[in-house]
Amino acid sequence: MSDTRINPIGRRDFLGGLGMISLGAAVARGLSASPVEAGQRRKKWAPVSGRKVRMGIVGYGVCRFGAAFGFQDHPNVEVVAVSDLFRDRREGLMKACRCDKSYESLEVLVKDKNIDAVFVATDAPSHARHCIEVLKHGKHVMTAVPATLGSLEDAEKLVEAVQKTGLKYQMAETSCLRDNCYAMRRIYHAGGFGRVIYSEGEYFHYGTTPIASFKGWRVGLPPLWYPTHSTAYYIGVTGKRYTSVSCRGFNAGFDAYKPGGNKYDNPFSDEVALFKTSEGGSSRMLMCKGIHGVVIETGRVYGEKGWMEGTKYNGTMKQLPDISRPPLPPGMPAGGHGGSHGPLANEFITAILEDREPMVNAYEALAMTVPGIIAHKSALKDGETLKIPQYDPPKT
Ligand SMILES: NC(=O)c1ccc[n+]([C@@H]2O[C@H](COP(=O)([O-])OP(=O)(O)OC[C@H]3O[C@@H](n4cnc5c(N)ncnc54)[C@H](O)[C@@H]3O)[C@@H](O)[C@H]2O)c1
């Protein structure tokens, strides 16, 4: 691994700057043939409607995620109410969202008929259940990643709820709206890569002890149950699918991965998966906690007609499509994770206003999430190749 990819961040620094991991040193090495820089936001935002979407926001845990996406600063949003199970967190979220109403739980908040849509920023094991609860109450939903944590049953129930209600669902996968991944997506769909022969994505998050979490869900978590920061660099770019996987696990020897050290019976701190893709290529995706000092989320694609690493395109396409990320309303911050938070919130709200599918809808979300669940199963079976279930929209 080139040291240009290493971005050492101590755990304390990480917690202090959560949501603000910079790609910084991770970009461009050994580039050739007229590279083209991915653009920043150049366009000007224009409202698509005068309507305000009435939002509920739930979850203000260790990452303070409920307030991190800037819904409270979007001109088409009114934050009607917030919730967290802990009173002090509820109060913190009310303050951060400039909102004077709160409920003691998501289950109570969803009964408020004055709310159109909910952002679920709760603990990962509850995401699918919470989203289904929101949808069942007739509200659109955006969720923090992953869509489901280790449960195929939850994945099926989630698709069923989305199909039954016809409401909008978006998973807030931050990699999808990082400048490099978004540019890759635009270029792929304009034909600049051709078929993708090979892709890579990685989420390195070194830590000898787990970050705090509600009921300890992060302690000893199977690494590729949290795959979406990586898998976005193929699924989020192409919209294609993974069909099978072989995965290897590694144990860095931290306490959480010792026998009896976690509730998942998981022996791996690190997992590296090789997927077969539906366009005939392969894709290497990993989540590693054991590699000393590395905290980074990035990826790259290599196709028949071009390749891209960091924010530079190298290939046969001379005239690139507009690769700048969609503009944000004035005063709305781009936020953390490479400036992806604001664009994800804006995409969700705009999809509601325009009555269209959001960029990372339930099918894309599960295509990024479920392959990691199967990859972990493969790692437990010493790399056996396993098939990946597919979740497709109904044929119209
Ligand atoms: N780059 C990224 O996309 C990224 C980064 C960090 C965190 N995340 C995700 O964001 C989510 C939140 O992370 P965190 O570290 O703050 O989680 P956490 O476990 O620290 O906190 C979860 C919060 O949800 C609240 N909650 C649980 N059930 C509830 C209910 N029924 N009603 C109301 N509140 C409820 C809990 O009280 C708790 O405060 C996680 O799922 C995590 O995976 C994503």
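1. The ligand site. Of the 26 residues around the ligand, five come nearest: Gly61, Cys63, Leu85, Ala144 and Phe214. By class, the shell around the ligand holds 13 nonpolar, 9 polar and 4 charged residues. Note that this is a predicted model.

2. The chain as a whole. There are 396 residues, and 52% of them are buried. The secondary structure comprises 10 helices and 15 strands. Contacts in the chain with a separation of 6 or more were also tallied by sequence distance. Residues 24 or more positions apart account for 75% of these.

3. Helix α4 against helix α5. Helix α4 spans residues 127-136, and helix α5 spans residues 152-165. Their axes come within 10 Å and cross at roughly 15°. An angle under 35 degrees counts as roughly parallel, so α4 is roughly parallel to α5. The crossing is left-handed.

4. Residues between α4 and α5. On the α4 side, the contact uses Ala128, Arg129, Cys131, Ile132, Leu135 and Lys136. On the α5 side, the partners are Asp154, Lys157, Leu158, Ala161, Val162 and Thr165. The contact of α4 with α5 breaks down into 7 nonpolar, 1 polar and 4 charged residues.

5. Helix α5 against helix α10. Helix α10 covers residues 362-380. It packs on α5 at an angle of about 175°, and the two axes are 11 Å apart. Angles over 145 degrees count as roughly antiparallel, so α5 is roughly antiparallel to α10. From α5, the contact takes Leu152, Ala155, Leu158, Val159 and Val162. From α10, it takes Ala362, Leu366, Val370 and Ile373. The class count for this contact is 9 nonpolar, no polar and no charged.

6. Two contacts on α5. Leu158 and Val162 of α5 are listed in the contact with α4. Leu158 and Val162 are also listed in the contact with α10. The class counts can be set side by side: 4 charged residues where α4 meets α5, and no charged residues where α5 meets α10.

7. Gly59. This residue sits in the loop between β2 (53-58) and β3 (77-83). Is Gly59 buried or exposed? Gly59 counts as buried, because it has 27 C-beta neighbours inside 10 Å, and 20 or more is the cut-off. Ser83 is 24 residues away along the chain, yet the C-alpha atoms of Gly59 and Ser83 are separated by 6.4 Å. Leaving aside residues up to four places away in sequence, Gly59 touches Phe65, Gly66, Asp84, Val120, Ala121 and Thr122.

8. Gly236. This glycine is placed in helix α7 (residues 228-238). Gly236 has 27 C-beta neighbours inside 10 Å and therefore counts as buried. Ala367 lies 131 residues away in sequence, but 9.1 Å away in space, C-alpha to C-alpha. With residues up to four places away in sequence left out, Gly236 touches Glu173, Ser175, Cys176, Cys181, Arg185 and Met368. Ala367 and Met368 fall within the span of α10, residues 362-380.

9. Asn314. Strand β14 (residues 312-315) holds this residue. Asn314 has 19 C-beta neighbours inside 10 Å, so it counts as partly exposed. The buried class needs 20 or more. Gly192 is 122 residues from Asn314 in sequence, and their C-alpha atoms are 9.1 Å apart in space.

Key
Residues are numbered from 1 along each chain as its sequence is written. This is a predicted model: local features need pLDDT of at least 70, side-chain atom pairs count only at pLDDT 80 or more; totals for chains, interfaces and linings use all residues. Axes are lines fitted to C-alpha atoms, for helices over the stretch in contact, and angles run from 0 to 180 degrees between N-to-C directions. Helices (H or I, at least four residues) and strands (E, at least two) are DSSP runs, numbered from the N terminus. Angles under 35 degrees count as roughly parallel, over 145 as roughly antiparallel, 65 to 115 as roughly perpendicular and the rest as oblique. A crossing is left-handed if the near helix is turned anticlockwise from the far one by less than a right angle, and right-handed if clockwise. Two residues are in contact if their C-beta atoms, placed from the backbone, lie within 7 Å. Ala, Val, Leu, Ile, Met, Phe, Trp, Tyr, Cys and Pro count as nonpolar, Asp, Glu, Lys and Arg as charged, and the others, Gly among them, as polar. A residue is near a molecule or strand if its C-beta atom, placed from the backbone, lies within 6 Å of it. A residue is buried if 20 or more other C-beta atoms lie within 10 Å of its own, exposed if 12 or fewer, and partly exposed in between; C-beta atoms are placed from the backbone.
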